[in-house]
Amino acid sequence: MAPERTEIKAETAPSRPKNPVLPTKQLTGIIGALALAAFLMIMNETVLTVALPAIMADMDISASAGQWLTTGFLVTMSVVIPTTGFLLQRFSSRSLFVFALSSFLVGTLIAIFAPSFAFLLLARIIQAVGTAIVLPLLMTTTLSLVPVHKRGMVMGLNSIVISVGPAVGPTVSGAIVHAWGWHYIFVLMAPLAVITLFLGIIFIKLPSNARKLPVDIFSVILSALAFGLLVYGIASIEKASENMGLTVATFVVGLASLALFIKRQIRLTREGKELLNLTPFASRNFTFAIVLIMIAFGTLLGTIMMVPIILESGKGISALAIGMMLLPGGLAQAIVSPIFGRIYDKHGPRPVLIPGAIMLALGQWMYVTVTTETELWMFMICHVIFSIGLALLMTGLMSSAMASVNPRLYGHGSAIFSTGQQLGGAIGTTIFITVMSVLSNKDLAQGSDLAQSLFTGAHAAFIVGALLGTIGVVLSFFIKVEKRA
């Protein structure tokens, strides 16, 4: 029997030849290889959160230095992602996939044998380069190859990759660090990266639609300054009092660079020479979806960064137990995402986005009620409700954001969406940790014990997250079915 075949749409500009009809098996292989790569890389983004104390002890570094393993990763992602709209047009999907996986693998191997903290930080930066390319590549390929009537379901599966990865990262690292030590996080990651690389080489065989495009070097510089400095500045707010001048200068230069970058992209778009096309922002759906994804990813990373701190330092719970507590939330996301993807395909964004935003906000409001006496199972319930809401949001937002984008701008729209995720994650993490640190230190100075002080700070941070989630509920009502221009 001949294999079922799926119609493939053009990857980029309408002027290019359409991709040929591909067997469903190959299409599944392509999306599967990209999704597996993205899952591995996104999980790697948060995999060191629980392992950080062990790394600090092993390499004799401070907490502020160790935090650079996450900050450096985020800064690198924020610098590279805005260029991917250009890269997706300039190079073939296969070439970008091989480069991204090779970069990630090289970084992983350096991390395994890192003799010092400097080498480990270098390894994380190289890993981040590959991660920054794979995420927009997954989204653009899905939009280009998957028929519209199946797109919500596939985007639901993709949302598992993007939202479950960071959630299960601490679980995986907690178990590995407890059993063998932090080096084995990377030892086990390396063969998975090799397998994924070979799967991509086998399945990603598409005619190249790459075309020679001029690259505007000044735009690249402005992009790196804008997004790199803003993420660095956001991540450094907690320590701002130690060097206020540097923090202010970082934001001033970053915001000025961003303004110049936007102005230059608008002008270059008229000439067809832009690095990042900002036209998708003309759609209200797209703009609201970007704000919502920043809220969702910000509360996600903020929560999974802060909860292990208050449980481990405040209640003395082991890293393994904390990781296992977070696991049901990740499993719940994996179960509901494809289900609600089908609902999106049949009924549009509202039946997915509105309940998702409500559950995400509810999870944050439930976290507000936790105290030093709260049992671990209650934390688990809060996280499961929050995670299901996140899964619904991610499923609907990825499809809704791109529904009104012209196919030739899929690469640029994906780059904007992924940049919003990273900025949201950096902002959310900084807000949660800074609020918790400031208030807990104040409480400590007034004579409270460590546990009570940490939970006092966490209480205020969760209120901020709950208010952001409530804003997300309001925004979800404004995202409607919108036909592409």
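A crossing of two helices is called left-handed if the near helix is turned anticlockwise from the far one by less than a right angle, and right-handed if clockwise. Keep that in mind for the views below, which come from a predicted model where local features need pLDDT of at least 70, side-chain atom pairs count only at pLDDT 80 or more, and totals for chains, interfaces and linings use all residues. Residues are numbered from 1 along each chain as its sequence is written, and side-chain values use heavy atoms, with hydrogens and water left out.

**View 1. Helices α6 and α9 cross in a left-handed way.**
The helices here (H or I, at least four residues) are DSSP runs numbered from the N terminus. The axes of α6 (residues 93-112) and α9 (residues 183-203) come within 9 Å and cross at roughly 160°. That makes the pair roughly antiparallel. For the angle words, under 35 degrees counts as roughly parallel, over 145 as roughly antiparallel, 65 to 115 as roughly perpendicular, and the rest as oblique. The axes themselves are lines fitted to C-alpha atoms, for helices over the stretch in contact, and angles run from 0 to 180 degrees between N-to-C directions. Contact, by the way, means heavy atoms within 4.5 Å. On the α6 side, the residues that meet α9 include F97, L101, F104 and L105; on the α9 side, F186, V187, A190 and V194 are among those that meet α6. Sorted by class, this contact has 16 nonpolar, 5 polar and 1 charged residues. In that sorting, Ala, Val, Leu, Ile, Met, Phe, Trp, Tyr, Cys and Pro are nonpolar, Asp, Glu, Lys and Arg are charged, and the others, Gly among them, are polar.

**View 2. Helix α1 also packs against α6.**
What is the angle between α1 and α6? It is about 30°, with the axes of α1 (residues 24-46) and α6 12 Å apart. The two helices are therefore roughly parallel to each other, and α1 passes α6 in a left-handed crossing. A33, L34, A37, L40, M41 and N44 from α1 meet F97, A100, L101 and F104 from α6. By class, you'll find 9 nonpolar, 1 polar and no charged residues in this contact.

**View 3. Helix α7 meets helix α16.**
Here α7 (residues 117-145) and α16 (residues 410-445) pack at an angle of about 140°, with their axes 9 Å apart. That makes α7 oblique to α16, and the crossing is right-handed. L135, P136, M139, T140, L143 and S144 of α7 touch a group in α16 that includes Y410, G411, F417 and Q422. The residues of this contact divide into 7 nonpolar, 6 polar and no charged.

**View 4. R124 sits in helix α7.**
Is R124 buried or exposed? With 0% relative accessibility, R124 counts as buried. Buried means under 20% relative accessible area, exposed means over 50%, and partly exposed is in between (1.4 Å probe, protein chains only). Leaving aside neighbours within four places in sequence, R124 is in contact with N44, E45, V47, L48, L69 and F73. Its helix fits the picture: 23 of the 29 residues of α7 are buried, so α7 is largely enclosed by the rest of the structure.

**View 5. Helix α11 packs its buried residues against α10.**
T247, T250, G254, S257, F261, R264, Q265 and L268 are the buried residues of α11 (residues 244-271), and they pack against α10 (217-235). Just after α11, G272 takes a positive phi of about 75°.

**View 6. D60 has a positive phi.**
Phi of D60 is near 55°, and D60 is a residue other than glycine. You'll find D60 in the loop between α2 (52-59) and α3 (63-66). With a relative accessible area of 71%, D60 is exposed.

**View 7. I388 lies in helix α15.**
Helix α15 spans residues 376-403, and I388 is buried, with a relative accessible area of 18%. Not counting residues up to four places away in sequence, I388 touches A332, Q333, V336 and M359. The C-alpha atoms of I388 and L360 are separated by 7.5 Å, although the two residues are 28 residues apart along the chain.
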